[in-house]
Protein chains: 2
Amino acid sequence: MKSPSQSRDRGIPEATVARLPLYLRALHGMAERGIATVSSEDLAVAAGVNSAKLRKDLSHLGSYGTRGVGYDVEYLVYQISRELGLTQDWAVAIVGVGNLGRALANYGGFVSRGFRVAALVDADPEVVGDTIAGLNVEHIDELEAVIKRRGVSIVVLATPAAAAQEVCDRVISVGVTSILNFAPVVLSVPESVDVRKVDLSIELQILAFHEQRKAGGPLMAMDSQ
Amino acid sequence: MKSPSQSRDRGIPEATVARLPLYLRALHGMAERGIATVSSEDLAVAAGVNSAKLRKDLSHLGSYGTRGVGYDVEYLVYQISRELGLTQDWAVAIVGVGNLGRALANYGGFVSRGFRVAALVDADPEVVGDTIAGLNVEHIDELEAVIKRRGVSIVVLATPAAAAQEVCDRVISVGVTSILNFAPVVLSVPESVDVRKVDLSIELQILAFHEQRKAGGPLMAMDSQ
DNA sequence: ATGACTTTGTGCATCGGTTCACAAAGGGAT
DNA sequence: ATCCCTTTGTGAACCGATGCACAAAGTCAT
């Protein structure tokens, strides 16, 4: 039984959660430029959203602004970081060290946000043993052992589509409950496991849809295929 | 036929558009396995959505199913492809040939969907002139010329954050209206330009949020699994 | 202190999207 | 043809998210 409760409501809407990292990014930029205080209007512009939405989002975390003044940049950075769980350090494993896996391993954006690439794993004997981004690539046979040994709690799947489900099952079997999937397949996982997916070709297809509409529109019979 | 305009209702909801590529992927898999006909229930499972949603989505394109039977796989592939604009070929330019740009250039998922990487562009003299994925890397000074010469209509930004807005402005100046942005910045563009963004670290942050909550939020309730 | 001014936090109307649940439409058997 | 079975397509209720608009709460100047 969950009462509305007078304290912090822990039921933060998904849509809000998805925008918090955006605010955080904008705030980091401001902190770097020495801005101490920011209004919802300015922060909204920097994050590319509208100010009412931003205020409502922040209000889900608590009442951290000062009326007539705005938000303290440092303080807000801390509050959002804490809410997102970025005040602790997360060990991430990347499985699949092809072009994409390599790019992810070298991507600076992770480290700067409390994420630490703690392991690289691949099946190809050609790359196992290589050092990428300062890390030794380990063999897929070691997958479970590596995950346990390094305390990995988030796994990034950058394998070929055909291998993704099996790797997924295996990491779940050793307790991983958060997966970021780049393979173009629908993973089937238990309820308790969180999967987010990024499909590069899907994004392009959505762009193509809109582009087509702009270029031709409904009554454009150029489609003489 | 229908009241307003006799043609297909062109107002397809965004949420539906975003799922069409998912259905398409599932259908391609089925076609390969020789499945001729599929029910909304089976297709929904394959695409990872619920069947009512799938039927409503498809109903926006038209009435392509047969009651009591299901959908013809080949026919549905064609209809969705056409709707998404994948029956034509799209020339894509990738700007920024770092780790990520390279990964994208080599990513097979594009080609297989009517997208053709038509140009690679970078600012670093070290990589300009290299051949990657069978393409010559051209200098950023040539950006506008290359885009016009190759008929590029979709640009993928894989540059450092600091360079993204300038490149964005320049490609827009030569008529590009669809941009896929991997740089962690909010691009400012005219109304008429479509930007989709993929931010790898944002996805991880969302996972971290949920992971933290699972692991025991502020007041851990410890329910007995 | 007081009043003018700024900006937050939120109640409320609205909108788009999801899900339910069922009538309508087809196939196949007799 | 008629009946039964399957599955689509969709009206309608529901649900979460968005955006407006404003009272409440603070700052600053005098």
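Colleague: Which element gives the largest share of the surface near DNA strand D?

Modeller: This is a predicted model, so local features are reported at pLDDT of at least 70. Two or more residues of that surface come from each of α1 (14-32) and α3 of chain A, and from each of α2, α3 and β3 (70-72) of chain B. The largest share is five residues, and the element that gives them is α3(B).

Colleague: Which residues come nearest to DNA strand D?

Modeller: There are 27 residues around this strand. By class they divide into nine nonpolar, 10 polar and eight charged. Both chains appear among the nearest, which are Pro13(A), Arg67(A), Gly68(A), Gly65(B) and Gly68(B).

Colleague: Now DNA strand C. Which element gives the most to the surface near it?

Modeller: Chain A supplies at least two residues from each of α2 (40-47), α3 (51-59) and β3 (70-72). Chain B does so from α1 (14-32) and from α3 (51-59). With five residues, the element that gives the most is α3(A).

Colleague: And which residues come nearest to DNA strand C?

Modeller: Here too the count around the strand is 27 residues. Their classes are nine nonpolar, 10 polar and eight charged. The nearest are Gly65(A), Gly68(A), Pro13(B), Arg67(B) and Gly68(B).

Colleague: Let us turn to the two protein chains. How many residues does the contact take from each of chain B and chain A?

Modeller: Start with the chain B side. It has 26 nonpolar, 15 polar and nine charged residues. The contact takes 50 residues from chain B, and from chain A it takes 50 residues.

Colleague: Which element makes the largest share of the side of chain B that touches chain A?

Modeller: Several elements of chain B supply at least two residues each, among them α1, α2 (40-47), α5 (99-106) and β10 (194-197). Another of these is α9 (200-214). The largest share is 14 residues, and it comes from α9(B).

Colleague: Which residues have the most contacts inside the largest nonpolar core?

Modeller: Nonpolar side chains tend to be buried together in soluble globular proteins. In this model the largest nonpolar core has 131 residues. Leu157(A) has contacts beyond its neighbours within four places in sequence, including Val95(A), Ala164(A), Val167(A) and Ile179(A). The residues with the most contacts inside the core are Ala93(A), Leu157(A) and Leu157(B).

Colleague: How far apart are the end C-alpha atoms of helix α4 of chain B?

Modeller: The helix covers residues 73-84, which makes 12 residues. At 1.5 Å a residue, the helix should span 16 Å. The model agrees, because the end C-alpha atoms are 16 Å apart.

Colleague: Which residues of α4(B) are buried, and what arc do they cover?

Modeller: The buried ones are Val73(B), Leu76(B), Ile80(B), Ser81(B), Glu83(B) and Leu84(B). They sit on the same side of α4(B), because the arc around the axis is only 160 degrees.

Colleague: What covers the buried residues of α4(B)?

Modeller: Just after this helix, Gly85(B) takes a positive phi of about 80 degrees. The cover draws on both chains. It includes α9 (200-215) of chain A, together with α1, β1 (37-38) and β3 of chain B.

Colleague: What do the buried residues of α2(A) pack against?

Modeller: These residues are Leu43(A), Ala44(A), Ala46(A) and Ala47(A). They lie on the same side of α2(A), because they cover an arc of only 165 degrees around the axis. After the helix comes Gly48(A), with a positive phi near 75 degrees. The buried residues pack against α1, β1 (37-38), α3 and β3 of chain A.

Colleague: What is the phi of Ala133(A)?

Modeller: Ala133(A) is found in the loop between β6 (131-132) and β7 (135-139) of chain A. It is partly exposed, with 16 other C-beta atoms within 10 Å. Although Ala133(A) is not a glycine, its phi is positive, about 50 degrees.

Colleague: And what is the phi of Ala133(B)?

Modeller: Ala133(B) lies in the loop between β6 (131-132) and β7 (135-139) of chain B. It counts as partly exposed, with 17 C-beta neighbours inside 10 Å. Its phi is positive too, near 55 degrees.

Colleague: One last residue. Is Glu126(B) buried or exposed?

Modeller: Glu126(B) has its place in the loop between β5 (115-122) and β6 of chain B. Glu126(B) and Phe110(B) are 26 Å apart, C-alpha to C-alpha. Glu126(B) has 9 C-beta neighbours inside 10 Å, so it counts as exposed.

Technical notes:
Residues numbered from 1 in each chain as written. Chains lettered and ligands numbered in written order. Near = placed C-beta within 6 Å. Helix = DSSP H or I, 4+ residues; strand = E, 2+ residues; numbered from the N terminus. Nonpolar A, V, L, I, M, F, W, Y, C, P; charged D, E, K, R; others polar. Contact = placed C-beta atoms within 7 Å. Buried ≥ 20, exposed ≤ 12 C-beta atoms within 10 Å, placed from the backbone. Core = buried A, V, L, I, M, F, W, Y, C linked by C-beta atoms within 7 Å. Expected span 1.5 Å × (residues − 1). Arc of directions from axis to C-beta.
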